[in-house]
Amino acid sequence: MAGGVADAQQPTAGHSASDIVKRGEYLARAGDCIACHTAPEGRTFAGGRAMPTPFGTLYSSNITPDRETGIGKWTAEDFYITMHRGRFPDGGLIYPAMPFASYTKVKREDSDAIFAYLKSIPAVKQQNREHDLRFPYNNRELILGWRTLFFTEGQYKPDPTKSAEWNRGAYLVEGLGHCGMCHSPINALGGTSQSEAFKGGLIPMQHWYAPSLTSNREAGLGDWSLKDITDLLKTGVSARGVVYGPMAEVVYNSLQYLTDEDTRAMAVYLKGIAEPTPRAPAATTLPSTEASLLISLGKTVYDTKCATCHGAQGEGKPPHWPPLAGNQSIEMESAVNPIRMVLNGGYPPGTEGNPRPYGMPPFAGQLSDNEVAAVVSYIRTAWGNRGTAVSARDANELRSAPLD
């Protein structure tokens with residue numbers, strides 16, 4: 001295959017076998033392989049992690065070098081076909097819970113390096129679990145239709161009008177980082193169209209909202225400094241915000257290990273794709289009497305429960321207690337994340353740059369649905385914020401959302 005090598009375990013010119021393995025370990029971190037292929041309390045990369053979907057439960061596979069239950073019999077070519085084409089070595093179709101629509105962009109040499117690393121780790125003999133999917137989704141042939149609609153095979157092609165740094169960031173974000181898996185809207189068929197890439201959406205089954213990376217009304221980073229972006233990616237906290245929920249896991253497992261050069265490249269790319277979106281007009285009128293009463297109650301709750309850390313005027317104490325005034329994540333159309341933070345609390349990830357993160361306590365046991373809705377409505381509309389009020393029903397529906 002053009003651009004490939006005979007075997008990833010053989011050193012190439014100027015690179016020893018140990019160099020390739022080390023490079024592969026770094027790239028596996030960048031791809032966050034451990035997040036799916038390691039079950040809670042399980043052996044590293046031995047698979048078995050349950051991944052609930054709207055179609056049933058999928059279980060990740062064993063990618064250790066065990067010859068019977070893992071990838072010990074695979075070749076570098078087999079591994080590349082899996083990454084690039086979304087097919088097993090025997091031609092079988094892979095369910096798109098594996099982000100092969102992103103991994104197809106990965107260069108052959110990087111795929112080979114990852115394979116060399118995986119072949120170097122301890123083998124674990126652990127059979128893969130059968131998926132538990134409802135009919136008709138348990139028919140793998142249906143994946144052919146999904147692939148026709150949503151999968152375009154092809155390695156990343158640099159944009160000659162952009163800098164090398166921008167292209168490196170695009171390669172990481174669009175390819176190994178597979179950021180579009182969460183930050184793009186997912187339709188009823190479990191797919192995303194190219195035109196909707198990075199425009200945000202609710203993460204199925206997890207009940208967290210992954211904001212748009214293009215709209216400056218959400219998480220678009222066009223008006224952030226590169227330092228604010230790189231701080232957030234590398235440490236989980238910055239002067240502009242803090243990561244929680246699934247994004248905290250991404251920072252913990254993956255992004256904190258990237259080099260400063262790669263983190264900056266991602267920041268350059270993310271800043272570059274942000275579309276100049278004017279902020280929505282301030283909510284000068286309340287949608288209903290109920291909302292007016294909620295916001296009045298919300299100020300009382302906020303002053304009692306929140307102001308000590310986040311400030312009387314929502315100014316916060318960055319980076320540990322993020323500002324709420326003018327905070328894009330508070331003002332988004334979806335209020336799922338702020339409601340969940342009030343209910344469940346949480347911590348940003350513990351990273352080298354932020355080894356002792358400050359957390360937010362859960363208030364689900366202290367506040368009623370009306371009080372949760374009230375304080376979230378107040379935060380979303382106070383201090384010039386452009387959000388809208390939420391209802392007690394919104395709060396109640398998220399009380400049962402999974403915590404992991």
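Pro136 has its place in the loop between strand 3 (132-133) and helix 6, and in this predicted model the peptide bond that leads from Phe135 to Pro136 is cis, with omega near 5°. A second cis peptide bond joins Pro318 and Pro319, where omega is about 5°, and Pro319 is found in the loop between helix 13 (307-310) and helix 14. Most residues other than glycine have a negative phi, and most peptide bonds are trans.

The backbone also deserves attention in the loop between helix 2 (33-37) and strand 1 (50-53), where Glu41 lies. Although Glu41 is not a glycine, its phi is positive, at about 65°, and Phe45, which is found in the loop between helix 2 and strand 1, likewise is not a glycine and has a positive phi of about 65°. Their surroundings can be read from the accessibilities: Glu41 counts as exposed because its relative accessibility is 84%, and the limit for that class is over 50%. Phe45, at 4% relative accessibility, counts as buried, since buried means under 20%.

From the loop that holds Pro136 the chain leads on to helix 6, and here the aromatic side chains come into view. The structure holds 12 aromatic pairs, and one of them is formed by Trp146 and Phe150, a tilted pair with 5.5 Å centre to centre and 55° between the planes. Because Trp146 and Phe150 are 4 residues apart in helix 6 (residues 142-150), they are separated by about one helical turn. Both Trp146 and Phe150 are buried. The rings of Tyr378 and Trp383 also have their centres 5.5 Å apart, but their planes stand at 75°, so this pair is edge-to-face, the class that applies over 60 degrees. Tyr378 has a relative accessible area of 10% and is therefore buried, whereas Trp383, at 22% relative accessibility, counts as partly exposed. Trp146 and Phe150 also belong to one aromatic cluster together with Phe100 and Phe151.

Aromatic rings meet charged groups as well. The charged end of Arg129 sits over the ring of Tyr59, 4.0 Å from its centre, and Lys162 lies over the face of Trp166, at 5.3 Å from the ring centre.

Past helix 6, the loop between helix 6 and helix 7 (164-176) contains Gln155, which counts as partly exposed because its relative accessibility is 34%. The C-alpha atoms of Gln155 and Lys105 are separated by 3.8 Å, although the two residues are 50 residues apart along the chain. Leaving aside residues up to four places away in sequence, Gln155 touches Tyr80, His84, Thr104, Lys105, Val106, Lys107 and Arg108.

Tyr80 and Arg108 appear again in the packing of two helices. The axes of helix 3 (residues 76-85) and helix 5 (residues 108-120) come within 9 Å and cross at roughly 115°, and the crossing is right-handed. Helix 3 contributes Ala76, Glu77, Phe79, Tyr80 and Met83 to the contact, while helix 5 contributes Arg108, Ser111, Asp112, Ile114, Phe115 and Leu118. Sorted by class, this contact has 7 nonpolar, 1 polar and 3 charged residues.

Further along, helix 9 (residues 226-235) has as its buried residues Asp228, Ile229, Thr230, Leu232, Leu233 and Thr235. What covers them includes strand 6 (237-238), strand 7 (241-242), helix 10 (245-253) and helix 11 (260-273). Gly236 follows helix 9 and has a positive phi, near 90°.

Helix 15 is mostly covered, with 8 of its 9 residues buried; these are Val336, Asn337, Pro338, Ile339, Arg340, Met341, Val342 and Leu343. The buried residues of helix 15 pack against strand 4 (201-203), strand 5 (208-210), helix 14 (328-331), helix 16 and helix 17 (392-397). Just after helix 15, Gly345 takes a positive phi of about 65°.

The loop between helix 15 (336-344) and helix 16 (369-381) is the place of Asn354. With a relative accessible area of 4%, Asn354 is buried. Not counting residues up to four places away in sequence, Asn354 touches Thr235, Val237, His320, Pro348 and Pro349, and Thr235 is one of the buried residues of helix 9.

How values were computed:
Residues numbered from 1 in each chain as written. Predicted model: local features only at pLDDT ≥ 70, side-chain atom pairs only at ≥ 80, totals over all residues. Heavy atoms only, no water. Phe/Tyr/Trp six-rings, centres within 6.5 Å; stacked < 30°, edge-to-face > 60°. Buried < 20%, exposed > 50% of the residue type's maximum accessible area, 1.4 Å probe, protein only. Lys NZ or Arg CZ within 6 Å of the ring centre and 35° of its normal. Contact = heavy atoms within 4.5 Å. Axes fitted to C-alpha atoms, helices over the stretch in contact; angles between N-to-C directions. Left-handed = near helix turned anticlockwise from the far one by under 90°. Nonpolar A, V, L, I, M, F, W, Y, C, P; charged D, E, K, R; others polar.
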